[in-house]
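Shall we walk through this structure together, one question at a time? Here it is to look at first.

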Amino acid sequence: MTHSRVAYRDSFGCGPLEVSVEAETPALRDKVAESLCLHNVEWAEQPAALRIEARMVDAPAEGLPGRFLETARMRVDRVEGGLAATCDSGASCVYAECERRWSIAVPANGAEAEIPEDVELLVGLALTTGWRSLGWAPLHAGAVARGDVCALLCAPSGGGKSTLIAALLRRGWHTLGDDKLLIRDDGTGPVAEALIHNFNLHPRTRDWFPEVGDLTRLPRYSAWTEKRKVRIEDIWPSATCRTGRPTHLVRLERGGAEGTLDVRVLPRSEVLSILLRQVVIPNDAAAARPLLATLGALAGRLEGLEVVLGEDLYGDPDRLAALEDTLR
Amino acid sequence: MSDATATWTLRPDVVTTVVEDGAVLLDLESKYFYSVNATGWAVLQLFEAGATREHAEERCNGWGAPDSDGEAIARFLDLLLEERLVEANGAPPQTPEVAVQGGWAAPKIEKHKEPLQKIMTSAFDPSLPLAE
């Protein structure tokens with residue numbers, strides 16, 4: 001099988017990276033762009049260049065062992081000059097570190113339009129590797145800020161981060177995002193930076209916050225969830241911020257009595273333990289060491305809280321007062 | 001570490017970072033992580049360079065360890081070995097300049113209960129993947 005060599009090019013700002021994409025087909029370019037265009041926060045400094053090339057290939061790649069990193073559908077290994085990764089679908093990529101170039105190869109399984117979802121995993125690998133190389137630790141957390149307070153919110157997917165953040169925005173807080181942040185020590189202490197100013201909200205959020213409107217008119221975020229992607233500023237103007245100095249770490253749990261919100265102060269020893277579980281740390285000492293150093297420095301600055309969210313909590317906005325009191 | 005004259009070094013896939021009251025160690029193979037106090041970190045720095053058990057015990061005495069802490073020191077060193085945080089090699093022992101921050105206290109190491117995930121959702125999301 002032969003493939004045309006026409007290149008479909010585009011460029012995307014993804015935090016501290018400016019990613020140029022060159023794809024062999026429009027469908028491939030669109031699939032790569034899907035993940036990149038989520039990053040809609042303007043970066044203050046000059047971004048570093050990263051290249052992603054994507055092409056179709058005849059045969060799926062043979063699986064790698066995943067010694068550098070193993071995810072549910074992707075395995076990553078160090079190879080001479082960089083990294084290599086393979087996915088369950090047979091999609092693969094190779095990273096040439098000195099050129100800052102990722103080459104993604106997607107097996108042509110019949111119809112061209114059938115680009116595997118695994119491409120998203122490979123693009124995510126390219127971004128996280130790029131951010132780490134610039135000294136940033138990618139943190140799977142949301143964040144809210146008001147005055148001198150900046151709280152990192154940690155919970156698994158579906159754990160209530162977005163809804164709690166939305167409730168706090170209505171009380172004058174700002175947000176850096178609900179899911180993905182970058183953390184770095186800038187010499188004066190850890191700083192958190194926003195990457196994405198979208199929320200993934202469930203349509204029933206409207207029951208508590210009517211201003212979100214009818215979310216069912218929007219397409220689903222993915223086939224696996226009822227949630228819809230919305231731009232935060234479209235609903236809560238001026239509610240986003242780009243940067244913050246983290247002061248608190250809040251672990252969210254679901255449970256407790258209906259309509260209640262319980263706050264417990266966590267021992268300092270638990271803060272680092274929670275942080276370590278919000279960051280992907282490769283099984284590679286050179287990659288892991290700076291991440292551990294960033295998280296260790298960050299943990300020393302944070303007050304830890306556990307917040308247990310009861311069902312139907314947001315009917316009465318004053319129920320958040322206990323949390324706000326602790327975050328002063 | 002039964003042989004007091006063997007040189008032991010921290011395993012290459014155990015990474016460390018200094019924190020306010022000591023250090024944190026992450027074993028990249030087992031994904032367990034450990035907290036050590038300032039004295040424990042001083043001892044570990046000896047093994048970063050390469051040291052014998054005998055040498056580590058002597059340095060503890062030099063840092064002001066009372067006889068009554070001998071058991072705690074032995075327990076700490078045993079645990080480093082049991083948890084495979086250190087390994088024997090043929091390298092000659094080193095004598096790095098290491099000080100105990102804040103003065104002597106018996107070395108302590110705490111193993112955190114739950115290891116980090118070995119298999120994750122994605123390169124950004126370290127949570128346990130959902131079953132498909």
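Q: How many residues does each chain give to the contact between chain A and chain B, and which element of chain A gives the most?
A: In this predicted model, the contact takes 31 residues from chain A and 25 residues from chain B. On the side of chain A, β4 (69–70), α2 (118–133), β9 (137–140), α5 and α6 each supply at least two residues. With seven residues, the element that gives the most is α6(A).

Q: How do the residues on the side of chain A that touches chain B divide by class?
A: This is the side to which 31 residues of chain A belong. They divide into 16 nonpolar, 11 polar and four charged.

Q: Which residues of helix α5 of chain A are buried, and which elements of chain B help to cover them?
A: Helix α5 spans residues 268–276, and its buried residues are A:V271, A:L272, A:S273, A:L275 and A:L276. Their cover from chain A includes β18 (248–254), β19 (261–266), α6 (285–299) and β20 (303–309). From chain B, the cover includes β3 (22–27) and β4 (33–37).

Q: How do α5(A) and α6(A) cross, and at roughly what angle?
A: Two packed helices are described by the angle between their axes and the distance between the axes, so let's take both. The axes of α5(A) and α6(A) come within 9 Å. The crossing is right-handed, and its angle is roughly 140°.

Q: Which residues make the contact of α5(A) with α6(A), and how do they divide by class?
A: From α5(A) come A:V271, A:L272, A:L275 and A:L276, and from α6(A) come A:L295, A:G296, A:L298 and A:A299. By class they are seven nonpolar, one polar and no charged.

Q: Where are the two domains of chain A, and what distance separates their centres?
A: Domain 1 covers 8–133 and domain 2 covers 137–326 of chain A. Taken over C-alpha atoms, the distance between their centres is 27 Å.

Q: Which element gives the most to the side of domain 1 of chain A that touches domain 2 of chain A?
A: The contact takes 12 residues from domain 1 and 14 residues from domain 2 of chain A. By class, the side of domain 1 has five nonpolar, four polar and three charged residues. With three residues, the element that gives the most to that side is α2(A).

Q: What radius of gyration does chain A have, and what would a compact globule have?
A: Chain A has seven helices and 20 strands, and its C-alpha trace spans about 65 × 45 × 35 Å along the principal axes. Because chain A has 328 residues, a compact globule would have a radius of gyration near 20 Å. The value for chain A agrees with this, at 21 Å.

Q: Why does A:C37 count as partly exposed?
A: A:C37 sits in the loop between α1 (26–36) and β3 (48–57) of chain A. A residue is buried with 20 or more C-beta neighbours within 10 Å and exposed with 12 or fewer. A:C37 counts as partly exposed because its number of C-beta neighbours inside 10 Å is 13.

Q: What pattern does chain B follow along its sequence?
A: There are three helices and seven strands in chain B. Of its 132 residues, 40% are buried. Read along the sequence, the pattern is β-β-β-β-α-β-α-α-β-β.

Technical notes: Residues are numbered from 1 along each chain as its sequence is written. Chains are lettered from A and ligands numbered from 1 in the order in which they are written. This is a predicted model: local features need pLDDT of at least 70, side-chain atom pairs count only at pLDDT 80 or more; totals for chains, interfaces and linings use all residues. Helices (H or I, at least four residues) and strands (E, at least two) are DSSP runs, numbered from the N terminus. The radius of gyration is taken over C-alpha atoms; the globule rule is 2.2 Å times the number of residues to the power 0.38. Two residues are in contact if their C-beta atoms, placed from the backbone, lie within 7 Å. Ala, Val, Leu, Ile, Met, Phe, Trp, Tyr, Cys and Pro count as nonpolar, Asp, Glu, Lys and Arg as charged, and the others, Gly among them, as polar. Domain bounds come from an automatic or database domain assignment. Axes are lines fitted to C-alpha atoms, for helices over the stretch in contact, and angles run from 0 to 180 degrees between N-to-C directions. A crossing is left-handed if the near helix is turned anticlockwise from the far one by less than a right angle, and right-handed if clockwise.
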